[in-house]
Amino acid sequence: MRWVKTLISVQLIFSLVVVQSGCSFLAPRRQSFSVIASEEDAEIYINGEFIGQGNVETRVPRNKDVSVMVKKEGFRTTTREIGTTISSVGICDMIGGYVFLLPLFGLLAPGFYHLDRDNISIVIHEE
């Protein structure tokens, strides 16, 4: 009878470790990001790639900084850098890693991070 209790305890602990392990791996690898330019026909580039004009929405990697450039002929080109921070899921992985070692693998996943901002407005000025 005692071995049954031990077996149930081991299964319960194993289940908790599996559920707590690396939740960041379950988070999406990309997140929505939108840019609104002050000029409707201004070109918007994200990480050097042309995305569209005026107002755009796209998905970008969660774990990499984003470089936004807005340009239009006759206006000064404007750039902004958006950084990343640890996501709430990443914080759970860190806390879980303190109790159980396995969740620390979540630190390797893109879901461990999120962008500091998920939308930005950029005003460009005439030269």
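**Salt bridges around K72**

In this predicted model, K72 and D41 pair up through their side chains in a salt bridge, with 2.9 Å from N to O. The contact ties together distant parts of the chain, 31 residues apart: K72 sits in the loop between strand 5 and strand 6, while D41 belongs to the loop between strand 1 and strand 2. As for solvent, D41 has a relative accessibility of 42% and so counts as partly exposed.

K72 has another partner as well. A salt bridge also joins K72 to E39, and here the closest N and O atoms lie 3.4 Å apart. Again the link spans distant parts of the chain, this time 33 residues apart, with E39 in the loop between strand 1 (30-37) and strand 2 (43-46) and K72 in the loop between strand 5 (66-71) and strand 6 (78-82). E39 comes out as partly exposed, its relative accessible area being 24%. K72 falls into the partly exposed class too, at 22% relative accessibility; the cut-off for buried is under 20%, so K72 does not qualify as buried.

Put together, E39, D41 and K72 make up a network of salt bridges. The structure holds two salt bridges, namely the one between K72 and D41 and the one between E39 and K72.

Terms used
Residues are numbered from 1 along each chain as its sequence is written. This is a predicted model: local features need pLDDT of at least 70, side-chain atom pairs count only at pLDDT 80 or more; totals for chains, interfaces and linings use all residues. Side-chain values use heavy atoms; hydrogens and water are left out. A salt bridge is a side-chain nitrogen of Lys or Arg within 4 Å of a carboxyl oxygen of Asp or Glu. Helices (H or I, at least four residues) and strands (E, at least two) are DSSP runs, numbered from the N terminus. Buried means under 20% relative accessible area, exposed over 50%, partly exposed in between (1.4 Å probe, protein chains only).
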